[in-house]
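The exercises below are meant to be worked with the sequence and the coordinates open side by side. Please try each task before reading its solution.

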Amino acid sequence: MIAIKYNGPIMNKLYMKNFIFATEINIRLAHSSSCRKIKSWKEIPGPSSLPIIGQLHHYFPGGSLYQCNGFEFQEKLYKNYGPLVRLNTVYAGKPAIFVFDPDSMAQVLRGENWLPIRPGFDVLYHYRNFYNQPKGGAPGLTGLISDHGQKWKQLRSLVNPIIMHPDNIKLYDTPIGEVAQDVVQRIKDLRDEDGMITKNFDYLMYLWALESVGVVALGSRLNTFNENLESDSVVRRLITLIHEFFAISENLDIKPSLWRYYPTPAFKRAMKVFCDIDSITRSLVLKAKDELSQRGHSADDKKGVLEKLLEVDEKIALIMAGDLLFTGVDTVGNTMSCTLYLLASHPEKQNTLRQEVNSGDERKSYLKACIKESLRVMPVAGGNIRQCTKEYNLLGYEIPKDMFVVFPHQYLSKMESQYPRANEFIPERWLVDKDHALYHGNAHPFAYNPFGFGARICIGRRIAELELESLLSKIIQNFELEWRGPPPTMYQSAMNYFKGPFNFVFKDIK
Ligand code: HEM
């Protein structure tokens, strides 16, 4: 007892001294090993760099990435460098990390889900925030695609319940179905004696997408299929201008460009394009507003998207009309061309779909599965991007705040390890049970994200699905689709474009 009593404090002192010493060593060891473990993002593997030109030589003739884009580009990065790849000049000449590891994707996408920053459309932001502001006017909301942070959140919270609510979208079943019916008629009128529309089939798909999204965003039919439309008519001008939008974004937002320092000719052209689109959408929205006030307001459950947006604020209705037109034409138009191509080259899948459509089965499971599978095999968006608002440790590398992180979903959704028989078009994988080898649920949930993720997910998703389901079922009901000759070429810029040749054959169903 005494010894214990006597030795106690001494033992405790010694113990404490040793403990503190050991802990200090442990902390130092832990610190040095964590320093060793967490490497700088600059150490992430990537194409080699040369003085002054950095990685640029890889994109020159003979370079490993020369003329390489889309799926092939992503595949080369992954196969050559692994799950994280550092490219030094990606977005506006700044570095970005390509993430092929789905757990790391999940880490960043979830970590950035409060106020996600999806870089892009800086030039549109500039137009709406500065160029198009009355002198001395306070910068306000610029739009869903160009705003970030609290401004984006404020707008998204206002428009989400209007644009994403299934009941609101259901109101468009009939008008969007009518547009689809007109496309079927147009195909009948345009095809040659072989049943083919070899020229500008993509243009027909863009007209359909514009006509459909116009019903939602502008509240009326634009009559884009009217053959007598002059080339300088509002509608023809609108579709040309909308196409230019993505080229502008590619050239001025993504590629390094001097417009950030002085107004280049391309920048001036962009301002003109935005100005023209603004004045067209303004006149169409105001026309719809007049018609609404003459007709009297609809019952609450019959109010469409434009009417609801106008009730919130006219400026928001105008901004959203622009955003929906910008984003709703090329995306849906190309997805439709790809889905038709996949069905035309898989007659047995086409028959299964036709049987379902003719059966009137309202669940439309196979139809939905065909669209999902088409977006997996030939996605219009090659991936997604976020700018980090904080630091991350991804696979032992420190990703600093403000870094651009790219999610190359196009490659992931065609990885054999995620989707067995990944290159094949198999809509059934979305329908089979858990114990089936093809069951889609065996893939990592972040491998396939065609509409993006979380709070910033595509707000037009339900509209897009309605349009695609509507036209696809009408085409399959009316025509037996065939594809002649070699597969189409895809052109990748801000998104993946179906560039023809358009070897579809539309045979009447007997
Ligand atoms: C198959 C067709 C479509 C695909 C694959 C698609 C894909 C996407 C993707 C990947 C994003 C980025 C989401 C994110 O950052 O996480 C997005 C955003 C967006 N999409 Fe779509 N989209 C399609 C059709 C449409 C349509 C028809 C509209 C309009 C009617 C539309 C309007 C928008 C808007 C406004 C945003 C920005 C949302 C925000 O930042 O809050 N999209 N879309």
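**Exercise 1: the surroundings of Tyr392**

Determine why Tyr392 counts as buried, and then describe its place in the chain and its contacts.

Solution. Tyr392 counts as buried because it has 21 C-beta neighbours inside 10 Å, where a residue is buried if 20 or more other C-beta atoms lie within 10 Å of its own, exposed if 12 or fewer, and partly exposed in between, with C-beta atoms placed from the backbone. The model is a predicted one, in which local features need pLDDT of at least 70 and side-chain atom pairs count only at pLDDT 80 or more, while totals for chains, interfaces and linings use all residues. Residues are numbered from 1 along each chain as its sequence is written.

Next, place the residue: Tyr392 is found in strand S5, residues 392-394 (strands are DSSP runs of E with at least two residues, helices are runs of H or I with at least four, and both are numbered from the N terminus). Then list its contacts, defined by C-beta atoms, placed from the backbone, within 7 Å: leaving aside neighbours within four places in sequence, Tyr392 is in contact with Gln107, Val108, Gly111 and Ile399. Finally, take a reference point elsewhere: the C-alpha atoms of Tyr392 and Thr224, 168 residues apart along the chain, are separated by 48 Å.

**Exercise 2: the nonpolar cores**

Find which residues touch the most other members of the largest nonpolar core, and which helix gives the most to this core.

Solution. A nonpolar core is a set of buried Ala, Val, Leu, Ile, Met, Phe, Trp, Tyr and Cys residues joined through C-beta atoms within 7 Å. The largest such core has 92 residues, of which Leu210, Val213 and Ala217 touch the most other members. Helix H8, residues 201-217, gives the most to this core, with twelve residues. Apart from this core lies another, of 28 residues, among them Leu77, Met105, Phe404 and Ala443. Returning to Leu210, and not counting residues up to four places away in sequence, one finds that Leu210 touches Leu222, Thr224, Leu238, Ile239 and Val329.

**Exercise 3: the protein as a whole**

State how many helices and strands the protein has, and what share of its residues counts as buried.

Solution. The secondary structure comes to 17 helices and eleven strands, and of the 510 residues 36% count as buried. The C-alpha trace spans about 105 × 60 × 55 Å along its principal axes. Among contacts with a separation of 6 or more, residues 24 or more positions apart account for 71%.

How values were computed:
Two residues are in contact if their C-beta atoms, placed from the backbone, lie within 7 Å.
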